[in-house]
Amino acid sequence: MKIMEIRVSIIMLVYNHERFIRYALDSILSQRVNFEYELIIGEDCSPDNSRAIIKEYESKFKGKLHGIYREKNIGVKRNFFDCLG
């Protein structure tokens with residue numbers, strides 16, 4: 001089996017996006033590409049069901065989607081830079 005290197009990392013920042021997150025994830029994950037990519041999601045302690053939806057997708061797309069879950073809201077800038085690291 002040929003193992004491909006990840007060539008693209010997509011960072012998605014999420015806060016209170018329950019209404020849109022499924023559409024966004026389906027849109028990214030349905031793309032047909034000839035390279036490996038990963039999706040890193042920084043979930044910033046949303047008060048809605050965003051976290052549950054991300055966890056559902058994370059279990060469905062093991063190895064492709066990586067959720068980073070905050071225990072308290074850290075804000076968009078810090079969330080972004082933390083996802084880069």
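In this predicted model, the side chains of D82 and R70 meet in a salt bridge, with 2.4 Å from N to O. This pair links distant parts of the chain, since D82 belongs to helix α3 (residues 76-84) and R70 to the loop between β3 and α3, twelve residues apart. The structure holds four salt bridges, and its strands form an open sheet of three.

**The D82–R70 pair**

- D82 has a relative accessible area of 39% and is therefore partly exposed, the range for that class lying between 20% and 50%.
- R70 has a relative accessible area of 9%, so this residue counts as buried.

**The sheet**

- The three strands follow the order β1-β2-β3, and their pairing is parallel.
- Strands β1 (6-14) and β3 (65-69) stand at the edges; each has a single partner strand, and therefore one side of each lacks a neighbour in the sheet.
- From one strand to the next, the twist averages 20 degrees.
- Strand β2 (residues 36-43) runs parallel to β3, and five bridges join the two.
- G42 has I68, in β3, as its bridge partner.
- In general, the strands of a sheet pair through backbone hydrogen bonds, in either a parallel or an antiparallel manner.

**Helices across the sheet**

- Helix α1 (residues 21-29) lies across β1, β2 and β3, and its direction is at about 175 degrees to β1.
- Helix α2 (residues 50-60) also lies across β1, β2 and β3. The angle between helix α2 and β3 is about 150 degrees.

**The E56–R22 pair**

- A salt bridge is formed where the side chains of E56 and R22 meet, at 3.0 Å from N to O.
- E56 is in helix α2 and R22 is in helix α1, so the pair ties together parts of the chain that are 34 residues apart in sequence.
- E56 is partly exposed, at a relative accessible area of 37%.
- R22 likewise counts as partly exposed, with a relative accessibility of 35%.

**The E43–R51 pair**

- E43 and R51 form a salt bridge in which the closest N and O atoms are 3.0 Å apart.
- With a relative accessible area of 0%, E43 is buried.
- The residue range of strand β2, 36-43, ends at the number of this glutamate, while helix α2 covers residues 50-60.

Methods:
Residues numbered from 1 in each chain as written. Predicted model: local features only at pLDDT ≥ 70, side-chain atom pairs only at ≥ 80, totals over all residues. Heavy atoms only, no water. Pairing = 2+ DSSP bridges. Helix = DSSP H or I, 4+ residues; strand = E, 2+ residues; numbered from the N terminus. Axes fitted to C-alpha atoms, helices over the stretch in contact; angles between N-to-C directions. Contact = heavy atoms within 4.5 Å. Buried < 20%, exposed > 50% of the residue type's maximum accessible area, 1.4 Å probe, protein only.
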